[in-house]
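Here's a protein model to get to know, one piece at a time. Have a look around it before you read on.

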Amino acid sequence: MKIADKIKNARIQKGYTQEQSAENLLVSRQTISNWENGKSLPDIISIIKMSELYGLSLDEMMKGDKALLKKVERDAAAAKAEKKIIKFAWISIVIGTILIILGEILEGNPFIDFMNGALPWVLLGLMFLFAILYLDKEERDKE
């Protein structure tokens, strides 16, 4: 059974309208309708909330729907990639700040001057590279 059918059946068994479910799950009624009609899939947070609201286990909600499991895997991979990009950005900020401070302390040092001039461009290039690789991976995952 697909998650769309499970969501609809669970909602009806609990006696909720789509509007009531939407209010409890903090989504729109249209979102509930789209999930129940199979037009879109809920994210893992919404699945957990529905599991609590409808009194079903996560296993009952997710088991047997390969499309949903694939979406959850894609969402997890995207979150992991975003976390890496954010970590890289913070490291870049720290390194840049250290180089600015060193540039002020060691004024006239050719190596520090070179690093202060080159590092922003290197980091910008790496950020573009990460973005391209991330977007390319997302496109491949959609196929």
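## A tour of the salt bridges and helices

Let's start with a charged pair: E36 and R11 form a salt bridge, and their closest N and O atoms are 2.5 Å apart. E36 belongs to helix 3 and R11 to helix 1, so this pair ties together parts that are 25 residues apart in sequence. Are these two residues buried or exposed? Both E36 and R11 are buried. Keep in mind that you're looking at a predicted model.

Why would such side chains pair up at all? Side chains of opposite charge can do so when their charged atoms come close.

How many salt bridges does the model have? The count comes to 3. Here they are:

| Salt bridge | Closest N and O atoms |
|---|---|
| E36 and R11 | 2.5 Å |
| D59 and K63 | 3.7 Å |
| D75 and K71 | 2.8 Å |

Take the D59 and K63 pair. D59 is partly exposed, with a relative accessible area of 46%. K63 has 55% relative accessibility, so K63 counts as exposed.

Now for D75 and K71. Both sit in helix 6, 4 residues apart, which is about one turn of the helix. That spacing fits a simple rule. An α-helix has 3.6 residues a turn, so residues three or four places apart point the same way. D75 counts as partly exposed because its relative accessibility is 33%, while K71 is buried at 15%.

### Helix 3 and what covers it

Helix 3 covers residues 29-36, and N34 is in there. Which residues of helix 3 are buried? They are I32, S33, N34, W35 and E36. What covers these buried residues includes helix 1 (3-14), helix 2 (18-25) and helix 4 (44-54).

Let's zoom in on N34. The relative accessible area of N34 is 19%, and buried means under 20%, so N34 makes the cut. If you leave aside its neighbours within four places in sequence, N34 is in contact with K39 and S40. Helix 3 is followed by G38, which has a positive phi, near 75°.

### Helix 6, end to end

Here's a nice check you can follow yourself. Helix 6 runs over residues 66-105, and at 1.5 Å a residue its 40 residues should span 58 Å. How far apart are its end C-alpha atoms? They are 59 Å apart, which agrees with the expected span.

At the start of helix 6, look for D65: one of its side-chain oxygens reaches to within 3.3 Å of the backbone nitrogen of A67. The buried residues of helix 6 are L68, K71, V72, A78, A81, F88, S92, L99 and G103. K71 in that list is the salt-bridge partner of D75.

I93 is another helix 6 residue, and I93 is partly exposed, with a relative accessible area of 47%. Compare its place with that of Y16: I93 and Y16 are 77 residues apart along the chain, and their C-alpha atoms are separated by 49 Å.

### A nonpolar patch

Last stop: the surface. Which residues make the nonpolar surface patch of about 420 Å²? V122, L126, L129, F130 and L133 do. One of them, L129, lies in helix 7 (residues 110-142). L129 is partly exposed, with a relative accessible area of 45%.

Definitions and conventions: Residues numbered from 1 in each chain as written. Predicted model: local features only at pLDDT ≥ 70, side-chain atom pairs only at ≥ 80, totals over all residues. Heavy atoms only, no water. Patch = residues over 30% accessible without salt bridge, like charges linked within 9 Å, V, L, I, M, F, W, Y side chains within 5 Å. Areas by Shrake-Rupley, 256 points an atom, 1.4 Å probe, with all protein chains shown as cover. Salt bridge = Lys/Arg side-chain N within 4 Å of Asp/Glu carboxyl O. Helix = DSSP H or I, 4+ residues; strand = E, 2+ residues; numbered from the N terminus. Buried < 20%, exposed > 50% of the residue type's maximum accessible area, 1.4 Å probe, protein only. Expected span 1.5 Å × (residues − 1). Polar contact = N/O pair within 3.5 Å; in protein donor to acceptor, adjacent residues only side chain to side chain. Contact = heavy atoms within 4.5 Å.
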